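Open the model in your viewer and keep a selection box handy. We will go from stop to stop, and at each one I will tell you what to select and what is there.

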Protein chains: 2
Amino acid sequence: MSKDRPAPGASPTLEHVAKVAGVSRATVSRVINGIRNVDPQIQELVRQAVAQTGYVPNQAARSLVTRRTNSVALVVSEAEHRTFDDPFLGRIFTDPFFGRLVSGIMGVLRPRGVAMVLMLAENDQARTQLIGYLKQGHVDGVIAVSASSADPLPGLLTEAGLPAVLSQRPVSPLPISYVDAAQSAGAKLAADRLTERGCRRVATISGPLDMPASQDRLSGFRDAMARRGHAYVPSVEGNFTQETGERAMKQLLAEYPDLDGVFVANDLMALGAVLALHDSGRRVPEDVAVIGFDDSNAAVMSRPPLTTIRQPLEDMAAEMARLLLKHIDDPDSPPTSVIFEPTLVVRESA
Amino acid sequence: MSKDRPAPGASPTLEHVAKVAGVSRATVSRVINGIRNVDPQIQELVRQAVAQTGYVPNQAARSLVTRRTNSVALVVSEAEHRTFDDPFLGRIFTDPFFGRLVSGIMGVLRPRGVAMVLMLAENDQARTQLIGYLKQGHVDGVIAVSASSADPLPGLLTEAGLPAVLSQRPVSPLPISYVDAAQSAGAKLAADRLTERGCRRVATISGPLDMPASQDRLSGFRDAMARRGHAYVPSVEGNFTQETGERAMKQLLAEYPDLDGVFVANDLMALGAVLALHDSGRRVPEDVAVIGFDDSNAAVMSRPPLTTIRQPLEDMAAEMARLLLKHIDDPDSPPTSVIFEPTLVVRESA
DNA sequence: GGGGGACTGGAGAGCGCTCTCCAATCAGGT
DNA sequence: ACCTGATTGGAGAGCGCTCTCCAGTCCCCC
């Protein structure tokens, strides 16, 4: 196997390209990475040689010296053990919430030539393997989306010293950057809408109460309602799936048959709630007004379409990506949090 | 920066561990990779040194010499340009179809210590970047899921000479391995069920007809119906989303108001079809029987729950993973295809 | 007791790339 | 004509790891 021509099966290296272009390895490297002044004619020469040889830089060799991979991971993590048939994926992937996240992140990453790999950590075993994988330097940083707050991933990430950004406020304070929406402000929008519609007997279906986002939506809603003169707002806890939304609604109806308004902590559960209301012979919104949260596809698919609280997810995701890149560029930059304001989207359900 | 102690910020290397354990770099490498006979006492010594230093092998250095990354990509690809709000994710991610795929793949990969990264190629730009990324050797192989057949990805993969496995038969014959279900056999199950129920005026809603799977389901259904004495089965094309299923059903009802059975090429569209039937005042299954395909969550969520054709997706996914690993281990192993048999799952809609 | 084999551990050569020096070249100023 | 300084290209030292040789050790058997 000679130096100046790649073996038939092997891929060409910088060395080969340099040989073909009649320059040194260093010069080819410069052209490829676009640094320092290289004579335009030589640049052209090199480019032709690259095209001719079909050269593709070897990532391993490159990141061995640069300590960069130019890719980041989007990790979706869940505390409990689950298989993929379980509501796990139903909760994250199924929700267009997730698509909007990816979209916002890619919008920032793509132009900068950074690839995004998606990884799952659905149980402890997976999480351990994942941390090992990350520590080995496969990616430069991590954006973590937790489906529940008992999730140890944020802790593991800070421990491992990996550049990371969370998609929500961590349960316990952690020296880690995150992006979140002003949950209670969003809940207040819902409270305002329901009371302005004239709803008198209002209830709420909350998300899992071990999640900060769920807590904030619930307390924010109750506070706003209290300020409007509704001292007590009954609530039932769901887990963000359509099924639990339906069940929660049934339970509420059994206890408070004269309900005329309900705030549901996400659209998927709201979908279930609307179904339950239909089954009980109630009309939405004439008999009971329903407000969801997220403004996901589910909101539009619903009959009637859901009035809902929209989070600027794309912007939030873009901000996460930007924060992460900043941390990668400067590992010493201090943890930052950015909070976004939700808005009310009026459709037909309230 | 001395050789025998890592700089405060830097991570320890093999060299450091070797120093601590009082052995050579090669021996540490042997212990870590578990090869050849190393004296148990020395093994223990090395293991302690690893623990003490918190050593984690550097993936870049490792794969530079081994030419392995121990990770594979699951690529979800789409022909047309789309954003993530579009039905794209609605079609792949939203469908629990996808969760089952991931589950089956991980079942094979995890025990072998191979990581799976998920990548998206939702348009040509993304696809080009993706191919570049793959060629750079970030992963050892690719499992490709195409959402449409105009998708150039399979071609690009074979061209790039990457070990790859497709989740379905490629449109045009390609020297590439794939796993698929016996689509027409599945369609026949649906035809049998509908005719056995006594349905006389049967129609079908197909998937995008540029996809082999859609074609096979349609032609398989028509053939089976013909054999049962139904010479002509009207069909309308959808694109696997709930919305197009609804629209297709409306169109069918307008043309054939006396319909009493319909086979829909996937559950999501079947969901839409059931909605349209409801809207038109028809009962399912009393007035019109509906059979879906996939046996996804949607089938259970539906009212009434859908009778559907189930593909053994987990097994299929596991087989894909196995095929891929085989190709990675032996790049010269010939392309293979494996076909699985679908089954009828009876619920209430037919 | 000596020779041959099996087993263990070390030395060292790269894997393909980046990047820091350094040398060469050339223009301009004196 | 000579010096200065900018500009451009090359040489070569690693990045951290694996893996092929090789040398040393130990044991067994003749």
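What follows is a short tour in six stops.

**Before you start**

This is a predicted model, in which local features need pLDDT of at least 70, side-chain atom pairs count only at pLDDT 80 or more, and totals for chains, interfaces and linings use all residues. Residues are numbered from 1 along each chain as its sequence is written, while chains are lettered from A and ligands numbered from 1 in the order in which they are written.

**Stop 1: the two DNA strands**

Select DNA strand C and display what surrounds it. You should find 25 residues there, the closest being A:Thr13, A:Leu14, A:Ala61, B:Ser24 and B:Asn37. Here a residue is near a strand if its C-beta atom, placed from the backbone, lies within 6 Å of it. Now colour by secondary structure; helices (H or I, at least four residues) and strands (E, at least two) are DSSP runs, numbered from the N terminus. Helices α2 (25-33) and α4 (59-66) of chain A, and α2 (25-33) and α4 (59-66) of chain B, each give at least two residues to the surface near strand C. By class, that surface has 13 nonpolar, 8 polar and 4 charged residues. In this count Ala, Val, Leu, Ile, Met, Phe, Trp, Tyr, Cys and Pro are nonpolar, Asp, Glu, Lys and Arg are charged, and the others, Gly among them, are polar.

Next, switch to DNA strand D. Which residues are closest to strand D? They are A:Ser24, A:Asn37, B:Thr13, B:Leu14 and B:Ala61, out of 25 that surround the strand. Two or more residues of the surface near strand D come from each of α2 and α4 of chain A and α2 and α4 of chain B. The surface near strand D divides into 13 nonpolar, 8 polar and 4 charged residues.

**Stop 2: a helix pair in chain B**

Select α1 (residues 14-21) of chain B along with α2(B). Their axes come within 8 Å and cross at roughly 100°; axes are lines fitted to C-alpha atoms, for helices over the stretch in contact, and angles run from 0 to 180 degrees between N-to-C directions. The two helices, α1(B) and α2(B), are therefore roughly perpendicular (angles of 65 to 115 degrees).

To see the contact, show B:Leu14, B:Glu15, B:Val17, B:Ala18 and B:Ala21 on α1(B), which meet B:Arg25, B:Val28 and B:Ser29 on α2(B). Contact here requires C-beta atoms, placed from the backbone, within 7 Å. The residues of this contact are 5 nonpolar, 1 polar and 2 charged.

Stay on α1(B) and pick out its buried residues: B:His16, B:Val17, B:Lys19, B:Val20 and B:Ala21. A residue is buried if 20 or more other C-beta atoms lie within 10 Å of its own, exposed if 12 or fewer, and partly exposed in between, with C-beta atoms placed from the backbone. These buried residues pack against α2 and α3 (40-53) of chain B. Just after α1(B), click B:Gly22, whose phi is positive at about 70°.

**Stop 3: A:Ser11**

Move to the segment before α1 (14-21) of chain A, where A:Ser11 is found. A:Ser11 is partly exposed, with 16 other C-beta atoms within 10 Å. Draw a C-alpha to C-alpha distance from A:Ser11 to A:Val56: these residues are 45 apart in sequence and 7.9 Å apart in space.

**Stop 4: B:Thr244**

Select helix α11 (residues 242-255) of chain B and find B:Thr244 in it. Is B:Thr244 buried or exposed? B:Thr244 is buried, with 21 other C-beta atoms within 10 Å. Leaving aside neighbours within four places in sequence, B:Thr244 is in contact with B:Gly238, B:Asn239, B:Met269 and B:Gly272.

**Stop 5: positive phi at Phe240**

Go to the loop between β7 (235-237) and α11 (242-255) of chain A, which holds A:Phe240. A:Phe240 is not a glycine, yet its phi is positive, near 80°. A:Phe240 counts as buried, with 28 C-beta neighbours inside 10 Å. In chain B, B:Phe240 has a positive phi of about 80° and counts as buried with 29 C-beta neighbours inside 10 Å.

**Stop 6: two cis peptide bonds**

Finish in chain A. The bond from A:Val284 to A:Pro285 is cis, with omega near 5°, and A:Pro285 lies in the loop between α12 (267-279) and β9 (289-294). The bond from A:Arg303 to A:Pro304 is cis, with omega near -10°.

How values were computed:
Parallel < 35°, antiparallel > 145°, perpendicular 65-115°, else oblique. Contact = placed C-beta atoms within 7 Å.
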